[in-house]
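User: I'm new to this structure and would like a close look at one part of it: the enclosed and open spaces, and what sits around them. Please keep it relaxed, and explain the terms as you go.

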Amino acid sequence: MKKLLLIILVFSWTIEAAWAQKRWSLADCVAYAIDHNLPIKRQDILVAIKNLDQEMARRERLPAVGGYFNGYSTFGHSQDVFGTIRRNDNFNSNMGINAEVTLYQYNYLRNQAKKATLQAEQEELEKGILRRDLTLKVVQSYLEVLLSQALVHAQDSAINFSLQLLDKAEKSTAVGATAPAVVFEAKANLAREKQQFQQYHKEAQQAKLTLAQYMNFTDYQSLIIYDPLLETEIFKTGIVKSQSDLIQTAFDNNPILAKLENQLLGLDVETKLIKAADYPLVKGSASLGTTYFNAFKSPGERPVFVQTKDNFAQQLAIAVTVPIFNKGKTKRQLQQLNLRKKEIGLFGDHEKQQQVQILEKLQLDWIESKQQYEISTEAFAATQESLAYSKLSFMAGKASIYDINTSKNNLIKSESEMIRARYNSLFSLLMLHYQVSGDIKFSNHIH
């Protein structure tokens with residue numbers, strides 16, 4: 001038993017250690033967030049409820065079958081048709097089985113089933129909207145983590161460079177080649193670099209915490225964000241669709257527009273259900289039962305089982321209800337539905353307008369960020385080369401530490417701008433792909 005417990009504990013520790021060392025790709029984070037999101041779990045329950053409503057609506061066309069038993073006694077005097085007053089004590093009972101089915105109601109039950117189906121689809125579409133909103137938040141937060149991590153790494157390199165300068169300054173000052181002020185300047189510059197590193201580190205931790213909260217992941221510090229193929233896959237995404245095709249594809253994959261379209265279909269069905277109130281309702285029923293009567297103290301009363309057998313009977317009936325006047329309710333309900341259709345249409349036009357504006361902004365951001373990235377890459381390369389020459393001059397004693405610090409700061413600023421431009425371009429293109437395709441996978445060209 002002790003060996004078994006030891007094995008279980010070792011296995012648990014191994015699983016936890018492996019989980020802690022897991023490298024999370026963007027797809028991993030999105031999948032985990034969706035699987036552990038409470039509003040989406042709640043929406044799953046609402047979908048299941050609506051599916052049961054759909055099943056019940058479909059079964060409404062089946063006959064309703066029930067059994068019945070009634071029994072009652074009467075005690076006292078009563079007068080018959082001849083005016084004779086006599087004692088009338090008796091016991092009556094009846095029992096049997098009856099069934100009732102709607103024969104005609106302007107396809108009311110069929111349309112009721114269609115309405116339930118559309119309502120179930122509506123909840124499923126609502127779930128899609130929740131997934132979409134959550135995915136957008138996770139994607140944005142994931143890229144912010146990558147950006148902040150890249151800035152931390154760049155700042156760490158700057159600290160290493162400042163440490164090298166400090167070491168050189170201390171050695172040069174020790175042999176009297178440079179003034180002590182050089183060492184103090186090197187130390188001050190190193191302190192500033194560490195201060196900036198701490199700021200970037202704080203931003204990285206905050207970004208990771210935000211991502212973990214969107215994912216509903218408890219230990220944000222154990223998140224290792226790493227997706228080496230993400231940048232390659234995004235930047236190799238080609239442009240093969242026209243602007244009009246791009247917009248239409250985005251409309252087709254927009255869950256909000258799909259939800260509005262579903263609502264319009266539901267209103268069409270609701271129109272038929274309301275109109276059914278102006279048509280006759282025909283119901284058919286059938287019953288199979290028996291009765292028993294016992295007049296107390298009456299001579300020759302037949303036993304209960306004999307009466308039950310002899311009084312056995314069947315009945316078929318048809319009931320027709322014809323609507324005549326319902327205070328104009330149907331007319332006004334149809335007017336309400338028409339107004340509701342117009343409201344949904346306007347909301348859909350607004351959503352399309354916003355969708356187009358989002359796509360235009362993302363395209364503009366991508367084009368500008370891409371150009372900025374290309375320019376900043378060239379600037380970074382030139383600044384890096386300038387710093388290399390400044391470093392050689394400093395080592396040879398021909399340049400002051402102030403000169404090399406200026407070159408180094410220019411390089412840090414240039415690298416920071418390059419990193420931000422790269423991730424801005426990455427984010428714009430990724431968001432453009434998701435807005436159009438509704439997916440974060442890049443197996444197909446998006447536009």
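Analyst: What follows starts with the spaces and then moves to some residues in the elements around them.

First, some ground rules: this is a predicted model, in which local features need pLDDT of at least 70 and side-chain atom pairs count only at pLDDT 80 or more, while totals for chains, interfaces and linings use all residues. Residues are numbered from 1 along each chain as its sequence is written, and side-chain values use heavy atoms, with hydrogens and water left out.

Let's begin with the enclosed space. A cavity, worked out on a 1 Å grid over the protein atoms alone, is a set of points where a 1.4 Å probe fits but cannot get out; a pocket is an open set with protein on both sides within 12 Å along at least five of seven lines, and lining residues have an atom within 4 Å of a point. Grid points are joined across faces, edges and corners, and a volume is the space filled by probe spheres set on the points. By that reckoning there is one cavity of 30 Å³ or more, and the largest cavity has a volume of about 40 Å³. Around it you'll find Leu151, Ala154, Gln155, Tyr200, Ile412, Glu415, Ser416 and Ile419. Two helices, α4 (108–174) and α11 (401–437), each supply at least two residues of that lining, and α11 gives the largest share, with four residues. Helices here are DSSP runs (H or I, at least four residues), as are strands (E, at least two), numbered from the N terminus.

What is that lining made of? Sorted by class, it has five nonpolar, two polar and one charged residues. For the sorting, Ala, Val, Leu, Ile, Met, Phe, Trp, Tyr, Cys and Pro count as nonpolar, Asp, Glu, Lys and Arg as charged, and the others, Gly among them, as polar.

Now for the open spaces. The largest pocket holds about 340 Å³. It has 17 lining residues, and those nearest its centre are Arg131, Thr135, Tyr434, Gly438 and Asp439. The elements giving two or more residues to this lining are α2 (26–35), α4 and α11. Its residues divide into seven nonpolar, six polar and four charged.

The second largest pocket comes in at about 300 Å³. It is lined by 17 residues too, and closest to its centre are Leu146, Ala150, Glu231, Arg422 and Tyr423. Here α4, α6 (230–235) and α11 are the elements that contribute two or more residues, and α11 has the largest share, with six. The class count for this pocket is eleven nonpolar, two polar and four charged.

Those element names turn up again when you look at charged pairs. A salt bridge is a side-chain nitrogen of Lys or Arg within 4 Å of a carboxyl oxygen of Asp or Glu, and the structure holds eleven of them. One of them joins Lys127 and Asp44, with the closest N and O atoms 2.6 Å apart. Lys127 sits in helix α4 and Asp44 in helix α3, so the pair ties together parts that are 83 residues apart in sequence. Burial is scored by relative accessible area: buried means under 20%, exposed over 50%, and partly exposed in between (1.4 Å probe, protein chains only). Lys127 is buried at 17%, whereas Asp44 is partly exposed at 34%.

Asp28 falls in the stretch numbered 26–35, the helix α2 you met at the largest pocket. The side chain of Asp28 meets that of Lys22 in a salt bridge (3.5 Å, N to O). Both partners are partly exposed: Lys22 has a relative accessible area of 25%, and Asp28 has 28%.

To finish, here is a residue that touches α11. Ser390 lies in helix α10 and is buried, with a relative accessible area of 14%. Leaving aside neighbours within four places in sequence, Ser390 is in contact (heavy atoms within 4.5 Å) with Ala399, Ile404 and Ser407. Since α11 spans 401–437, Ile404 and Ser407 are on the helix that gives the cavity lining its largest share.
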